[in-house]
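Hi,

Here is the structure I promised to pass on to you. Please have it open while you read, and my notes follow right below.

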Amino acid sequence: MIKSMTGFGRSEYSDEKRSVTAEVRSVNHRYCDVSVKMPRRYSFAEETLKKAVKEILSRGKIDVSISVVNLTEDDVTVKLNTSVAEQYRSSLTELKEQFGLQDEISLELIAGLPDVMKTVPEIEDEDAITEALKIPVVEAVKKLDAMRQLEGEKLKEDLLKRREIIKEITGKIKERAPLVVEEHKQKLEDRISQLLDKSVEIPEDRLAVEVAVFADKCDITEELVRLDSHMDQMQKILGEGKQAVGKRLDFLVQEMNREANTIGSKANDLEITNYMLTIKSEVEKIREQVQNIE
């Protein structure tokens, strides 16, 4: 099944202690690059979540965003740092005496200073929390994957349409190619007749050699056969039903472009050159689309 690498999925999950929301976005990337953004206190679950994503998706730049709302405070403890509080009190007392200040050093003042009091997570069951995070992440990834499949079908239709355009044009080139040599022969005879007296007989063997050399230089039979083969191979890959074919298609497009360039340079005919410009345009459109296939 052909899949796009662009998509979005969102899912929510709640248990008795927390409500978790997961959003997953993906864009084009050569490999499978997964990044997870979530509260630092749950960082122990990061690798498990990345693995879960990679079990479903094989390519793309995938950003996972997780937000957690605690429904209870059972896993949070307030810690008092008396050492820091004492340093604040001592420094404030020294400051008060040095400048003759009358203000009182209150409990409210010291308690509000940085690092005197802070909440510390008390996580007792990392496995249970990891599972609570994993459930919405996997569901969001599945939704994203479904979106990528729908987009992949559209990409497949477009690629097959452009394949038919190229096949049609190569058919016209095959019809035109044999005429190029005949036209060159006629032009050569006309040119010689203009340069020489018409009473001078043109050596047929010499003319045949010139025409043969030209025919060999502009022979594009092998390139057309290979281009046809690439088109058939692309159709086969798109119809296989296998996932992650983007890299294979990308290589195939490079070969298609190489054959198109060779045909354009060897043809030595304006009409075929114009045909090849159209083919190169279609190959470029295929290349752009293939960049977004998983």
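Aspartate 158 and lysine 161 sit three residues apart in helix α4 (residues 126–195), about one turn of that helix. Their side chains meet in a salt bridge, at 3.9 Å from N to O. Burial sets the two partners apart: aspartate 158 is buried, with a relative accessible area of 15%, whereas lysine 161 counts as partly exposed at 47% relative accessibility. Please keep in mind that this is a predicted model.

Helix α7 (residues 246–266) holds another such pair, glutamate 255 and arginine 258, three residues apart and so separated by about one helical turn. Their salt bridge has an N to O distance of 2.5 Å. Here glutamate 255 is the buried partner, with a relative accessible area of 17%, while arginine 258, at 44% relative accessibility, is partly exposed. As for salt bridges that share partners, they join Arg163, Glu164, Lys167, Lys174, Asp228 and Asp232 into one network.

Then there is helix α2 (residues 82–99), where arginine 89 and glutamate 86 are three residues apart, so about one helical turn lies between them. These two form a salt bridge as well, and the closest N and O atoms are 2.9 Å apart. Are the partners buried or exposed in this case? Neither label fits, because arginine 89 has 38% relative accessibility and counts as partly exposed, and glutamate 86 counts as partly exposed too, at 40%. The cut-offs behind that are under 20% for buried and over 50% for exposed.

You may like to know how many salt bridges a search of the whole structure finds. The count is 27, and the pairs described above are among them.

Last, a look at helix α1 (residues 46–54). Which of its residues are buried? They are Leu49, Lys50, Ala52 and Val53. Viewed down the axis of α1, these buried residues fall within an arc of 160 degrees, so they line one face of the helix. The face turned away from that buried side carries Glu47 and Lys51, which are exposed. Note that one lysine of α1, Lys50, is on the list of buried residues, while Lys51 is exposed.

Happy to go through any of this with you whenever it suits.

Best wishes

How values were computed
Residues numbered from 1 in each chain as written. Predicted model: local features only at pLDDT ≥ 70, side-chain atom pairs only at ≥ 80, totals over all residues. Heavy atoms only, no water. Buried < 20%, exposed > 50% of the residue type's maximum accessible area, 1.4 Å probe, protein only. Helix = DSSP H or I, 4+ residues; strand = E, 2+ residues; numbered from the N terminus. Arc of directions from axis to C-beta. Salt bridge = Lys/Arg side-chain N within 4 Å of Asp/Glu carboxyl O.
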